[in-house]
Amino acid sequence: MRRTRIRAGLALVVAAVVAPAASLTAAAGPTAKPFVQGTATVPAYDYDNAIHERVQVDVPKLDGDANGVTDQITVDIIRPGEAAQAGIDVPVIIQASPYYAGDPASYFDATGTRQVFGSWLDNYFVPRGYAVAFVDMPGTFRSTGCSDVGADLEVLGTKAVIDWLNNRTTGHTPDGGAAKADWSTGKAGMIGVSWNGTIANSVAGTGVRGLETIVPIAAISSWYDYTRGFGVPFYDEYMGFLHDYVSNDASPRCVEMTNEIEQDSDTRTGSYSNWWDPRNYRLDASNVRASVYVVHGLGDENVKTRQFGEWWDELAQRNVPRKIFLHQGVHLDGFSFRDEWVNKLHPWFDYWLQGLQNGVMDTPQATIQREDGSFVDEARWPAVGARPTTLQLSKLSGTSGPISFTGTDKESVDTVVLDPTAARTDRAVFLSDELSKAVRVSGTGKVSVRVKVNKVAAGIKARLVDYGTANRYVNVTNVPDTRVCWGDGNALDTGCYADTQINTAVSDTSVVVRTLADVGHYKSLYTKESLRSDRWYDLSFELNADDVVFAAGHRLGLVLTVEPDNPSVPFTGATITLDPTRSSLTLPLTSYTSSLQTAEQARVPSTRLAQPEPEKNPAKLMQQMVEASR
């Protein structure tokens, strides 16, 4: 949508300014709100006339940095100036983040007031009768208090902004004067990517009144599951790393918390404890009053798909109003897909924040990008007709007995799935027959295995694989020498971005799900057990959620590998022996009931992976999170 300045809208605003207040109250629809036409908001206000302001919001009864002073949260606001002149209250779109300290100094004027928001949201929505607020999360950038990586300090500090918008707590201007949100309707929506979307999930879990909707994009719903795979920490000392990365270290207490958070997270065992409960927002799903629009990449190996899958299931059980937008990409904003996403988000905000009866909740619940890059809308998600189907694992007809496979001190890589019928000692491969018709997986599956391990500890990884030649999504990239403006703007903040394109390529193998688990946590995530080589252990773990269609003529494959169980403890490799007769794969399938067998002798072509190996460097993953959030 190319930028246009709406001068006709300004004439309506001037008329509203000179009209008496009683007339404004009595007037209906378009006269009172020039940014509403029918059941949609339209650009009616000039971005150049927008009000920019900074407010410090008090967090009631909270002194997270232990300095004897109530914590204050810094909020940067941009709102339509003409609406303020006309006395028209507007709702607020909030993006809270721990990353704003990385914004260039040029984004702020000499008084420290933000002039550039570095997002399309303000350019698009402010002319349409919305305010946009960027919030420095507690203990980051200009906010006081301390970050605690997803727990109460972070959540309550950010929640206070919605309380302020509804006159339940106080705010201050930079010079110490009182700041009231008397320009706001009190209705707020939260949106953001990665940590910015995670805070939306967590604040919604408080049930705060005034938060009407959230749009969590590539967001976390459980910090334990973000940092661990069923007891296997993905990285050493990662919770401490995250705290140190975002903390402004403005008080000695915040500095102390980095080590405390790491120690309490218990990387050495990888076990769950009650310490994780405040960071597990699924436990708070029953408190959610806001509607939820989930956005996630099916290829996201940073914030893995389990994060949206289990959150979605909890919301569904409680009939929370919701929609979902699933794309094939990695850790990305929905805006990477431009019109496809904006045309979904705009009416969503209009309905939940402006109260416009546009029928958005009568439209399909799910938008899904298929394997070839095309988007489809569907009535609901998971797919209609998808049912848990248990596929038994077995050896080829005429053979029996257990299967052994060995891992080294290193993690396996995705190329381990290639050429699945070749004899190898570092994996166990189970394949379907060639599919006579397309089979769809939609939702969350489960692996159940009976195993022996020749060492005291080991991890196991399950990869679900689509074997078959197809033209598949690779990535989405900017189109060179293009420039599209999303809303209004000015010389400092144009709101213009390169257009994007979806790239595909032919491949014969796609790893569609990867899930890691610790055999030592076979009893419970609360306790890690040392393993005995003479014992069989039954381990079940849920796969990361997915939605994938296995085309007719393809094969569905399960590849199991041995993995290190903990990056903070030396691992020298291990051999796992699996009893296929007591092992199974359960998938939410639209059809298909056969078992999976060990790879047969006839070769299955598999030489080209659809996607590159997922990034595993914590520093680079943090860079992904920061870049995706902007």
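**Close-up 1. Strands S12 and S13 side by side in the predicted model.** Here S12 (residues 291-297) and S13 pair in the parallel sense, with six bridges between them. One spot to look for is glycine 297, which sits opposite histidine 327 in S13. S13 itself covers residues 322-327 and is mostly covered, with six of its six residues buried. Follow its side chains and you'll see Arg322, Ile324 and Leu326 pointing one way, while Lys323, Phe325 and His327 point the other way. In a regular strand, side chains alternate between the two faces of the sheet.

**Close-up 2. The open sheet and its edges.** Now for the wider setting: eleven strands form an open sheet with mixed pairing, in the order S7-S3-S4-S6-S5-S8-S9-S12-S13-S14-S15. Its edge strands are S7 (171-172) and S15 (375-378), each of which pairs on one side only. Strands of a sheet can pair in parallel or antiparallel fashion, through backbone hydrogen bonds. At the S7 end, S3 (residues 51-58) runs antiparallel to S7, and two bridges join them. Valine 57 has glycine 171 in S7 as its bridge partner.

**Close-up 3. Helix H5 lying across the strands.** H5 takes in residues 152-165 and lies across a whole run of strands: S3, S4 (72-79), S5 (90-97), S6 (131-136), S7, S8 (184-193) and S9 (211-217). Relative to S8, H5 runs at about 155°.

**Close-up 4. Helices H8 and H9 packed together.** H8 (residues 238-246) packs against H9 (residues 252-265) at an angle of about 160°, and their axes are 7 Å apart. Angles over 145 degrees count as roughly antiparallel, so that is how H8 lies relative to H9. The crossing of H8 past H9 is right-handed. On the H8 side, the contact is made by Tyr238, Met239, Gly240, His243 and Asp244, and H9 brings in Cys254, Met257, Thr258, Ile261, Glu262 and Ser265. Sort the residues of this contact by type and you get five nonpolar, four polar and two charged.

**Close-up 5. Proline 564 in its loop.** Proline 564 belongs to the loop between S27 (555-563) and S28 (574-578). Is proline 564 buried or exposed? Its relative accessibility is 14%, so proline 564 counts as buried, the cut-off being under 20%. Leaving aside neighbours within four places in sequence, proline 564 touches Val232, Asp409, Lys410, Glu411, Gly459 and Phe571. Lysine 455 is also worth finding: proline 564 and lysine 455 are 109 residues apart in sequence and 11 Å apart in space, C-alpha to C-alpha.

Notes:
Residues are numbered from 1 along each chain as its sequence is written. This is a predicted model: local features need pLDDT of at least 70, side-chain atom pairs count only at pLDDT 80 or more; totals for chains, interfaces and linings use all residues. Side-chain values use heavy atoms; hydrogens and water are left out. Two strands pair if DSSP finds at least two bridges between them. Helices (H or I, at least four residues) and strands (E, at least two) are DSSP runs, numbered from the N terminus. Contact means heavy atoms within 4.5 Å. Axes are lines fitted to C-alpha atoms, for helices over the stretch in contact, and angles run from 0 to 180 degrees between N-to-C directions. Angles under 35 degrees count as roughly parallel, over 145 as roughly antiparallel, 65 to 115 as roughly perpendicular and the rest as oblique. A crossing is left-handed if the near helix is turned anticlockwise from the far one by less than a right angle, and right-handed if clockwise. Ala, Val, Leu, Ile, Met, Phe, Trp, Tyr, Cys and Pro count as nonpolar, Asp, Glu, Lys and Arg as charged, and the others, Gly among them, as polar. Buried means under 20% relative accessible area, exposed over 50%, partly exposed in between (1.4 Å probe, protein chains only).
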